[in-house]
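Work through the exercises below with the structure at hand. Try each task before reading its solution.

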Amino acid sequence: MYRFYINNTDDEYHYLELGREFLPDDGFEVIPYSGASLEGLLPDKSFFVNPGMSGDRDAIKREMYGLLADITGIRPPWGTLTGVRPLKPALEIARASSVEEMTEEMRRKYLVSPEKASLLADIARYQLENVKGQPWEKASVYAGIPFCPTRCAYCSFASNVAPPEDRARYLEDLIRETAYAGRLAKEHGTKIESAYIGGGTPTTLTAEQLSELITALTGAFGIDPQKTEFTVEAGRPDTITEDRLDAMKALGISRISINPQTMKDETLKLIGRDHSADDIRRAYSMASGAGFDVINADLIAGLPQEDEKDFEAGLREIIGLGANNITIHTLSVKRGSRLKESDPDYYRKNTETVSEMLDISRRVLSEAGFRPYYIYRQKHQIAALENTGWCMPGKHSIYNIRIMEDKQTIIGLGAGAVGKVYCPEEDRIERIANVSNYGIYSGRFDEMLARKDEYYR
Ligand code: SF4
């Protein structure tokens, strides 16, 4: 067990987060300390950090990063940045000075590797060129469908395999909540910048149900999908049918997500997806035929028993199938997932393979004309790496960008939806969450409605 005595702090949180990127939870301790110097007095494997009593948290983190790198021999590429939104500080610096200065600053202040600093620079350039307007001038709307055909091995979302009558009952409540929230938004003059139906798998709803939900959302919030970005996460290819695609197109939806995660049949089976790579091919050909303007795909680096070649072949095939907006995720093995239970230390393994996969994705996507446009990290990702959204120029998702900025109100509807209210005066976000269990959501529906009032308090 390693022990880090951090001088002149009473808050161990940030140092614990940093330590976790190098060592297992039970392999180290962080002890806030304030008193006489402990230098030379500590036993083996114990370290006295910040002997100079600095009040600069970034400087203390750099010192601790150096110690941890010496102990473990690893240097996580995101340096001392432990938060989930590495772009946030980067964009602030880029806006105040320049992208070049930001790159320097990320390396100096946060010890970010040259590759990741250059990735941030590419994303900052894309956003500065393509994203206009202040995020807080408008709001986004998110509606969640917490149902899936089966549950994936790595899933930790609000997803349920439920009978049709449960889905129908849930939809009724969701539409009532939509009408209520839309009325409030109109009363308060809230303008909508983007709408997103996510999950779960929204296409577990029938074509008629999807039409009902889209109509309810556009009507309640006064959205014209021809003018306002409106995305439906079709998600699982095994739920994509011509009638569902037609229903969406008929209502003006031009953006969907079809999420393969991998194009390898063995892996799909292993992670419990219950569909084949051929289903993915069929779904893409249907969506391209139906004329959707933006087709997003999610791929995951680090799935069990996949190597770099599998990953690259899958990525190249997805590009060939017509996806023009691709998010490359690093597998995150969270508590509550089957994968975490069967192999608790999975996310610490495979570091080199996954880093190589991310390098491949950058090379292949750049060569194909894609540009990186948003980025975020999650806890428990392999090697503390990242998820990056790539798009062909102009095919970005403003919803994805806004959600990462944390500077826009997002009205969350349905079970598992986590909304946010942005207060520009204080540059602060307040979360307003619905319950995640769909049965409890319906059971406590009046309370869910009352939470909508909180957006305007
Ligand atoms: S499709 Fe997504 S939400 Fe559904 S079970 Fe798989 S990971 Fe979970």
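Three exercises follow, each with a worked solution.

The model is predicted: local features need pLDDT of at least 70, side-chain atom pairs count only at pLDDT 80 or more, and totals for chains, interfaces and linings use all residues. Residues are numbered from 1 along each chain as its sequence is written.

**Exercise 1. Find the buried face of helix 10.**

Step 1. Locate the element. Helix 10 covers residues 277-290, 14 residues in total. Helices (H or I, at least four residues) and strands (E, at least two) are DSSP runs, numbered from the N terminus.

Step 2. Check its span. From first C-alpha to last, helix 10 reaches 20 Å, close to the 20 Å expected at 1.5 Å a residue. The expected span is 1.5 Å times one less than the number of residues.

Step 3. Sort the residues. A residue is buried if 20 or more other C-beta atoms lie within 10 Å of its own, exposed if 12 or fewer, and partly exposed in between; C-beta atoms are placed from the backbone. Ile280, Ala283, Tyr284 and Ala287 are the buried ones in helix 10. Viewed down the axis of helix 10, they fall within an arc of 100°, so they line one face. The arc is taken over directions from the helix axis to the C-beta atoms. Asp278, Ser285 and Gly289 are exposed on the other side.

Step 4. Look past the end. Gly291, just after helix 10, has a positive phi of about 85°.

**Exercise 2. Lay out the open sheet of three strands.**

Step 1. Read the order. It is 2-1-3, with parallel pairing. Two strands pair if DSSP finds at least two bridges between them.

Step 2. Find the edges. Strand 2 and strand 3 each have a single partner strand, so one side of each lacks a neighbour in the sheet.

Step 3. Inspect one pair. Strand 1 (residues 2-7) and strand 2 are joined in parallel over six bridges. Asn7 stands opposite Tyr33 of strand 2.

**Exercise 3. Is Asp44 buried or exposed?**

Step 1. Place the residue. Asp44 sits in the loop between strand 2 (28-33) and strand 3 (46-49).

Step 2. Count neighbours. Asp44 counts as exposed because it has 6 C-beta neighbours inside 10 Å.

Step 3. Compare sequence with space. Asp44 and Arg3 are 41 residues apart along the chain, and their C-alpha atoms are separated by 9.1 Å.
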